[in-house]
Amino acid sequence: MAHSTITMRDIAEALGVSVATVSRALKDSPRISAEQRDRIKSYAKAHDYYPNVLAECLRSNVARSSRAIGVIVPQFEHFYFSSVLSGINQEAMSHGYTLMVSESLDEYETEALICKRFLENRVCGVIVSEAKNTVRYDHFKRILDCHMPLVFYDRICTGINCDRVVVDDYQGAFNAVNYMIERGCRRVAFYGSPMTMEISKNRYNGYRDALLHNGLEPDDRFFRICDNRSDAEAITPELLSQEEIPDAFFAVNDDTAIGILYTAKRMGYRVPEDISICGFTNGQRAVASDPMLTTVEQRGQRVGEEAANILISKVEGELPMEKIEKRIVRTRLVIRGTTR
């Protein structure tokens, strides 16, 4: 029996009791002895029992009447994710839906627990950007087993063929790196997220192909796994102390790029005369830096609107559940003062 589809009837048969007894025990009814309640609840917990959302939907059309959308954000503090959330909320509100939002803190265990809570609270669907260290997908499969719409944005789960909304990470990275090379840069460093993530692979491939397109070879000396400001400030001095230093940096997000910018200036380098720097987001910090940051605009608001549109369309029957929607939001390079 698959854990994701266990029902009260399954529990009743396994323990030799009636379905009514199981139902009462799970609701802490005093009509059931404490010993029997503990026995039933322990079995249910061990086998990942959830209230049967699908059965509820079929009986009472909950999928049509539930107006709460579950949303998982890796980190609230990131401008990109907050802008995606804003887009989701605007689209949801315009269709009469509300959001139930949780932060995974980029941890698999927290993400899995949030999915469990969403199922228990009977949201009508889930929109998620997966955590950095997620390598198991059972919690996502359980949502699909309950015939709920599941839409990924930004960080997609490659282990499941599912609805998704992404930006053109490859092309955005290619355009940014190609621009810096056209302005005379030849030693372009890459700071990216862990390469287990699809967005990291796509942005690295765009970076690499821009080098090759211009007759340059990728150099492992200029490649780092680094996707936040504090790590950038810790790592960059080593690169800028080598005999041959990068003359440009492409960073996976704006915060990382700003960490590079701060460090380069502190070490006495001129930006952009000595070193060009490009980020990826176009958040509020990009225009607060000195000089202002050249970056790839990620259009998080639009990503959120598209993700919510897919989910609501499936909940309301406008899109068939079996049809997989894969939408791409185009980026654009915003040129400011950190590039030549």
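Which residues of helix H1 are buried? Select residues 8–15 and you'll find them: Asp10, Ile11, Ala12 and Leu15. Here, buried means under 20% relative accessible area, with a 1.4 Å probe and protein chains only. Helices are DSSP runs of H or I with at least four residues, strands are E runs of at least two, and both are numbered from the N terminus.

Before moving on, a word on the model. It is predicted, so local features need pLDDT of at least 70 and side-chain atom pairs count only at pLDDT 80 or more, while totals for chains, interfaces and linings use all residues. Residues are numbered from 1 along each chain as its sequence is written, and side-chain values use heavy atoms, leaving out hydrogens and water.

Next, show helix H2 (19–26) and helix H3 (34–46), which are among what covers the buried residues of H1; contact means heavy atoms within 4.5 Å. Then click Gly16, just after H1, with its positive phi of about 70 degrees.

Now for the cysteines. The structure holds 0 disulfides, a disulfide being a pair of cysteine sulfur atoms within 2.5 Å. Select Cys157: its sulfur is too far for a bond because the closest cysteine sulfur, in Cys162, is 7.8 Å away. Cys157 is also buried, at a relative accessible area of 0%. Over at Cys278, the closest cysteine sulfur is in Cys185, 11 Å away and again too far for a bond. Cys278 is buried too, at 1%.

Technical notes: Buried means under 20% relative accessible area, exposed over 50%, partly exposed in between (1.4 Å probe, protein chains only).
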